[in-house]
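This briefing walks through a single protein structure, shown below, with attention to its sheets, its helix packing and one of its pockets. Please keep the view open while reading, since the points are grouped by topic.

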Amino acid sequence: MERDLPLILEGRSPAARITEDAARLVAAVTQRLGRAPALAAVAVDDGRPETLYFDVKQRAFEAAGAVFRPVVLPAGTDTRALSSAVRELNEDDTVDGIYVQYPLPEVIDAQMAYDEIDLLKDVDGASSLQSPEQPEYFPATAEAVIQLLAFHDVDVADSSVCIVRGDPLFAASLATLFREAGARPDIAALDDADAVSAQLATADIIVVATGIVHGVNAARFRDGAVVVDVGYYHGGGRGDIAATPSDIERMAAYAPPRGAIGPLTVALLIGHTAGAARRTLDRQAAH
């Protein structure tokens, strides 16, 4: 008997549903606010194509009636200059949400810059200063992983999960969401090769978000795993996982680096931005 093909976890369908809800919220907030909710997206132009991966986000925001404002800082920007740019956006009353594009150049202390974001405008859960018990928003990419699995009826309860991380805040947030769903997550970093190898060989669900092109080889995954490539855009459709067709055939389900997590992340950011604008209006009305 032929083995069933893996379930491909596409993200455009659930993203469309979330965007519809977000667009209704955008319209309601726009009517009250007198302008569309706006997200300022900050990036440092260091020559990598993933750094300026803004075009898809901009089109999605505009289609939903929201504003996406790219703020591109020049190559050579350091932590101090990036933090200063974030503080300026904190003071801008026409900006409702602030998002800092990852990955950042290695010379920048990313978390120091994230922590400069006004908590009222932190629509991507980037600041480590938020209450760990009740953050206003989780990182949209982490939330997108859970939403994607739920949309495709992947039961995560009591599953062992290996999160191979780049950004520690993302990994910690995703682990929290998996625990809330009844799973048993572990976080591994590529510099801990023994731990990564052991977890990849046994995990029911594998999420790779290292920001390194083909940083993890799918040949190390156990048969029947559910695999999510959160991969930042590396060009040519390449993600964070090196997976051959035969590797993918061994999986129970697979979220490829394009068309899965990306559309969902953008849809969630639209909703988060509109939600932040609404919270500001509600606080103003209360006073």
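The points that follow take the sheets in turn, then the helices, then a pocket.

The structure is a predicted model. Its strands include an open sheet of six strands with parallel pairing and an open sheet of three strands, likewise paired in parallel. Helix 9, which covers residues 261-286, packs against helix 2, and its axis also crosses that of helix 1.

**The six-stranded sheet**

- Read across the sheet, the strands of this open, parallel arrangement come in the order 1-11-9-7-5-6.
- Strand 1, residues 7-8, and strand 6, residues 184-189, are the edge strands, and each of them pairs on one side only.
- Strand 6 is joined to strand 5, residues 160-165, by six bridges in the parallel sense, and within strand 6 it is Arg184 that stands opposite Ser160.

**The three-stranded sheet**

- The order of strands in this open sheet is 3-2-4, and their pairing is parallel.
- Because strand 3 (67-73) and strand 4 (97-100) each have a single partner strand, they stand at the edges, and one side of each is left without a neighbour in the sheet.
- From one strand to the next, the twist of this sheet averages 20°.
- Strand 2, residues 38-44, runs parallel to strand 3 and is joined to it by seven bridges; Val42 has Val71 in strand 3 as its bridge partner.

**Helix packing around helix 9**

- Helix 2, residues 55-63, packs with helix 9 at an angle of about 50°, and the two axes are 10 Å apart.
- That angle is why helix 2 counts as oblique to helix 9, and the crossing in which helix 2 passes helix 9 is right-handed.
- Helix 1, residues 12-33, has an axis that comes within 8 Å of the axis of helix 9, and the two cross at roughly 25°.
- With angles under 35 degrees counted as roughly parallel, helix 1 is therefore roughly parallel to helix 9, and helix 1 passes helix 9 in a left-handed crossing.

**The second largest pocket**

- The second largest pocket holds about 370 Å³ of space.
- Its lining is made up of 16 residues, and those that lie nearest the centre of the pocket are Tyr102, Glu106, Gly166, Thr210 and Ile212.
- Sorted by class, the lining of this pocket consists of nine nonpolar, three polar and four charged residues.

Note on methods
Residues numbered from 1 in each chain as written. Predicted model: local features only at pLDDT ≥ 70, side-chain atom pairs only at ≥ 80, totals over all residues. Heavy atoms only, no water. Pairing = 2+ DSSP bridges. Helix = DSSP H or I, 4+ residues; strand = E, 2+ residues; numbered from the N terminus. Axes fitted to C-alpha atoms, helices over the stretch in contact; angles between N-to-C directions. 1 Å grid on protein atoms, 1.4 Å probe; cavity = no way out; pocket = protein on both sides within 12 Å on 5 of 7 lines; lining within 4 Å. Points joined across faces, edges and corners; volume = space filled by probe spheres on them. Nonpolar A, V, L, I, M, F, W, Y, C, P; charged D, E, K, R; others polar. Parallel < 35°, antiparallel > 145°, perpendicular 65-115°, else oblique. Left-handed = near helix turned anticlockwise from the far one by under 90°.
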